[in-house]
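Dear colleague,

Please find below the structure that I am handing over to you. My notes on what was found in it follow directly after.

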Amino acid sequence: MDSYDTPGSTPRHSASSRLKDYFIGATPLQKRLESVRKQTSFIPTPPRRKIPQCSQLQEDNDPQKVAFLLHKQWTLYSLTPLYKFSYTNLKEYSRLLSAFIAAEKQKGLAVEVGEDFNIKVTFSTLLGMKGTQRDSEAFLVQILSRSQLPSENRELKVLWTGWFCCIFGDSLLETVSEDFTCVPLFLANGAETNTAIVGTWFQKTFDCYFSPLAINAFNLSWMAAMWTACKMDQYMAATEFLWHFKIHLSATRLVRVSTSVASAHTDGKIKILCHKYLIGVLAYLTELAIFQID
């Protein structure tokens, strides 16, 4: 069974507080929407879905980058559109975020690394990681550390990874102007302190808001229905369902689904296991992220 443990280093209390501040969409519109949702018990039934094996656009992707994304536990977030984001400025964003992290580190608030490490941030595109030509290009952000050993012995270590994507996001793309870039699904792997610091920079730079993307039992059931029957070329895993068991069986709720395609937990954790169905998994997660924004 897949484990859903937290990252190796235990984040400080301040990190949890900052996550709450920066990853909960607290705009007036979102507050009104949340109020309406709490007043109704209606859950719209999603349309009939068939998980696509891949997109024709995937032919452009980098196999090494795709392989890096698989078999890792990702924490999901929903993200509002980015204002004035430009793919031509990725190198500049790398420099600015690196400087921001360095400044925060001086305050004792930034990434959790030893004094003998230097921090480097990289932005890079994930070509082909889209459902249609209209979707915004996916991109990857990584925090790397370089030890202060002699230059010939220096090695880069990945401390934190986050990636942004929009798969079949037409319903959101149609509602925003050209000044905004829509990448509603954000996935993070690494310490929460690092997620918080990166989120703070994005919020200040692009006037956006993150909110944790939990997956309720209803949507976990959809995932099980879509993924269980998928034909696999190589990797095979038993389909698993996990409940929080209680004395009253009627009170139980589904909390995790595990298949050969992916495994997902209701607290917003996911592992994507199969390249063949990567786009299909991301398409459904994008749908959930957009629904949370709307």
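**Findings**

L82 has a relative accessibility of 0% and therefore counts as buried. Please note that the model is a predicted one. L82 belongs to strand β2, which covers residues 82–83. Leaving out residues up to four places away in sequence, L82 touches F139, D179, F180, T181, V183, F202, F206 and C208. One of these contacts, D179, stands 97 residues from L82 in sequence, yet the two C-alpha atoms are 8.3 Å apart.

D179 also takes part in a salt bridge, its partner being K84, with 3.5 Å between the closest N and O atoms. K84 sits in the loop between β2 and α4 (90–106), and D179 in the loop between α5 (170–173) and β6 (180–181), so this pair ties together parts that are 95 residues apart in sequence. With a relative accessibility of 35%, D179 counts as partly exposed.

In total, the structure holds four salt bridges. Among them is the pair R134 and E174, whose closest N and O atoms are 3.9 Å apart. This pair links distant parts of the chain, 40 residues apart: R134 lies in the loop between β3 (117–126) and β4 (138–147), and E174 in the loop between α5 and β6. R134 counts as partly exposed at 48% relative accessibility, whereas E174, at 57%, counts as exposed. Another salt bridge joins K130 to E137, with the closest N and O atoms 3.7 Å apart. Both K130 and E137 are buried.

Turning to the nonpolar interior, the largest nonpolar core has 42 residues, of which M129 and W163 touch the most other members. Helix α8 gives the most to this core, namely nine residues. Neighbours within four places in sequence aside, M129 is in contact with V66, L69, E137, A138, W163, I167, L278, I279 and L282. There is also a second, separate core of 26 residues, which includes L79, Y93, I101 and F210. As a general matter, nonpolar side chains in soluble globular proteins tend to be buried together.

Two helices deserve a description. Helix α6 runs over residues 192–206; at 1.5 Å a residue its 15 residues should span 21 Å, and the end C-alpha atoms are indeed 21 Å apart, so the two values agree. Helix α6 is mostly covered, with 12 of its 15 residues buried. Among the buried residues are T193, W201, F202 and F206; F202 and F206 are also contacts of L82. D207 follows α6 and has a positive phi, near 50°.

Helix α7 comprises residues 217–227, and its buried residues are N219, L220, W222, M223, A224, M226 and W227. They pack against β9 (240–243), β10 (254–258), β11 (262–265), β12 (269–272) and α8 (278–293). At its N-terminal end, α7 is capped by N216, a side-chain oxygen of which lies 3.2 Å from the backbone nitrogen of F218.

Finally, how many disulfides does the structure have? The count comes to zero. For C166, the closest cysteine sulfur is that of C182, and the distance of 6.3 Å is too far for a bond. C166 counts as buried because its relative accessibility is 0%, and C274, at 10%, likewise counts as buried.

With kind regards

Key: Residues are numbered from 1 along each chain as its sequence is written. This is a predicted model: local features need pLDDT of at least 70, side-chain atom pairs count only at pLDDT 80 or more; totals for chains, interfaces and linings use all residues. Side-chain values use heavy atoms; hydrogens and water are left out. Buried means under 20% relative accessible area, exposed over 50%, partly exposed in between (1.4 Å probe, protein chains only). Helices (H or I, at least four residues) and strands (E, at least two) are DSSP runs, numbered from the N terminus. Contact means heavy atoms within 4.5 Å. A polar contact is a pair of N or O atoms within 3.5 Å; within protein, one must be able to donate a hydrogen and the other to accept it, and residues adjacent in sequence count only if both atoms are side-chain atoms. A nonpolar core is a set of buried Ala, Val, Leu, Ile, Met, Phe, Trp, Tyr and Cys residues joined through side-chain atoms within 4.5 Å. The expected span of a helix is 1.5 Å times one less than its number of residues. A disulfide is a pair of cysteine sulfur atoms within 2.5 Å. A salt bridge is a side-chain nitrogen of Lys or Arg within 4 Å of a carboxyl oxygen of Asp or Glu.
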